[in-house]
Amino acid sequence: MFRSAPAAAVRRALVPLLLCCALLAGATGCGGGDGDSATPSGTSSADRQKFAKTRFVTNAGLAAGATYQWIVKPYRDGRFKSGADGRRFALVKAGLAGAFTYNRLKAALRNAQGNPTLAKAVAPLTAGVEALKDLPSKLRKGDSTEAVVGSFDDTINSVKDAGRSAGAEVTDQVPSAGQLTKG
């Protein structure tokens, strides 16, 4: 009986520590390199043009899925409220999802540049995506969660609408935990 209390305390201390390490590893992996991890390495510019819409849909769909699964849904369920069970864990996951979403939306905007119709449709969204840059840290801290969740949700809906108008229907794709930590 006495052994379970210290084990639980260690487990409670390790989970946030591991999540923070994963966040740092993911954030450093999301660096500002010029390469796009979704771009095949041996393709010509004609192939890049050809697959731009597909890559846009994939990246935007992953961003939308992460936003809904780990930011919007927990917020609506009241998991970000002060005193809620699992609040800290939910906020850390939301912070990871926010960083992932920002990274995938930036990739989607780069992908859209390979298709003239899509590029015109998403061009006005660049500032909205850039505005998400600092919001994951606010989520992790639990600062103004309603406004942060609203910003993510509005930006995702704008990207979906822009894709739809250009003939690139974006559907939510929930990323795996591995994809979430890699960015």
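Biologist: How many helices and how many strands are there in the protein?
Modeller: In this predicted model, the elements run α-α-α-α-α-α-α-α from the N terminus on. The count is therefore eight helices and zero strands.

Biologist: Which helix has the highest mean pLDDT, and which the lowest?
Modeller: The protein averages a pLDDT of 80, and 72% of the residues score at least 70. Among the elements, α3 has the highest mean, 93. The lowest mean, 54, belongs to helix α1, residues 4-29.

Biologist: Over which residues does pLDDT stay under 50?
Modeller: Where pLDDT is low, the predicted coordinates should not be read in detail. The model does have 16 contacts beyond four places in sequence for the stretch in question. That stretch, with pLDDT under 50, is residues 27-43.

Biologist: What percentage of the residues count as buried?
Modeller: A residue is buried when its relative accessible area is under 20%. The protein has 183 residues, and its accessible surface comes to about 10,100 Å². Carbon and sulfur atoms hold 56% of that surface. The buried part of the 183 residues is 40%.

Biologist: Among contacts between residues at least 6 apart in sequence, what percentage join residues at least 24 apart?
Modeller: A contact here needs heavy atoms within 4.5 Å. Of the contacts between residues at least 6 apart, the portion joining residues at least 24 apart is 76%.

Biologist: Which residues touch the most other members of the largest nonpolar core?
Modeller: This core has 39 residues. The two that touch the most other members are Phe 56 and Leu 139.

Biologist: Which helix supplies the largest share of this core?
Modeller: At least two residues of the core come from each of α2 (45-76), α3, α4 (116-122), α6 (135-141) and α7 (145-165). The largest share is eleven residues, and its source is α3.

Biologist: Which Asn is in contact with Phe 56, leaving aside neighbours within four places in sequence?
Modeller: The contacts of Phe 56 include Ala 108, Ala 112, Leu 118, Val 122 and Val 159. Gly 163, Ala 168 and Val 170 are also among them. The Asn in this set is Asn 111.

Biologist: Is Asn 111 buried or exposed, and which side chain does its own side chain contact?
Modeller: Asn 111 has its place in helix α3. Its relative accessibility is 1%, under the 20% limit, so Asn 111 counts as buried. The side chain makes a polar contact of 2.6 Å, and the partner is the side chain of Asn 59.

Biologist: Why does Arg 104 count as buried?
Modeller: Arg 104 also lies in helix α3, and a polar contact of 2.6 Å joins its side chain to that of Asn 103. Buried means under 20% relative accessible area. Arg 104 is buried because its value is 7%.

Biologist: What distance separates the C-alpha atoms of Tyr 102 and Ala 131?
Modeller: Tyr 102 lies in helix α3, residues 87-112, and is buried with a relative accessible area of 15%. Not counting residues up to four places away, Tyr 102 touches Val 129, Glu 130, Leu 132 and Lys 133. Ala 131 is 29 residues from Tyr 102 along the chain, and their C-alpha atoms are separated by 9.3 Å.

Biologist: Which residue meets Lys 106 in a salt bridge?
Modeller: A search of the whole structure finds five salt bridges. The one at Lys 106 has an N to O distance of 2.4 Å. It links distant parts of the chain, from helix α3 to helix α5 (residues 126-130), 24 residues apart. The partner of Lys 106 is Glu 130.

Biologist: Which residue of the salt bridge between Asp 172 and Lys 160 is buried?
Modeller: The two side chains meet at 2.7 Å, N to O. Asp 172 is in the loop between α7 and α8 (177-182), and Lys 160 is in helix α7, twelve residues apart. At 37% relative accessibility, Asp 172 counts as partly exposed. With 17%, the buried residue is Lys 160.

Biologist: Which residues are joined into one network by salt bridges that share partners?
Modeller: Arg 164 and Asp 161 meet in a salt bridge of 2.8 Å, N to O. Both lie in helix α7, three residues apart, about one turn of the helix. The network consists of Asp 161, Arg 164 and Glu 169.

Key:
Residues are numbered from 1 along each chain as its sequence is written. Side-chain values use heavy atoms; hydrogens and water are left out. Helices (H or I, at least four residues) and strands (E, at least two) are DSSP runs, numbered from the N terminus. Buried means under 20% relative accessible area, exposed over 50%, partly exposed in between (1.4 Å probe, protein chains only). A nonpolar core is a set of buried Ala, Val, Leu, Ile, Met, Phe, Trp, Tyr and Cys residues joined through side-chain atoms within 4.5 Å. Accessible areas come from the Shrake-Rupley method with a 1.4 Å probe; for residues, only the protein chains shown count as cover. pLDDT is the predictor's confidence in each residue, from 0 to 100. A polar contact is a pair of N or O atoms within 3.5 Å; within protein, one must be able to donate a hydrogen and the other to accept it, and residues adjacent in sequence count only if both atoms are side-chain atoms. A salt bridge is a side-chain nitrogen of Lys or Arg within 4 Å of a carboxyl oxygen of Asp or Glu.
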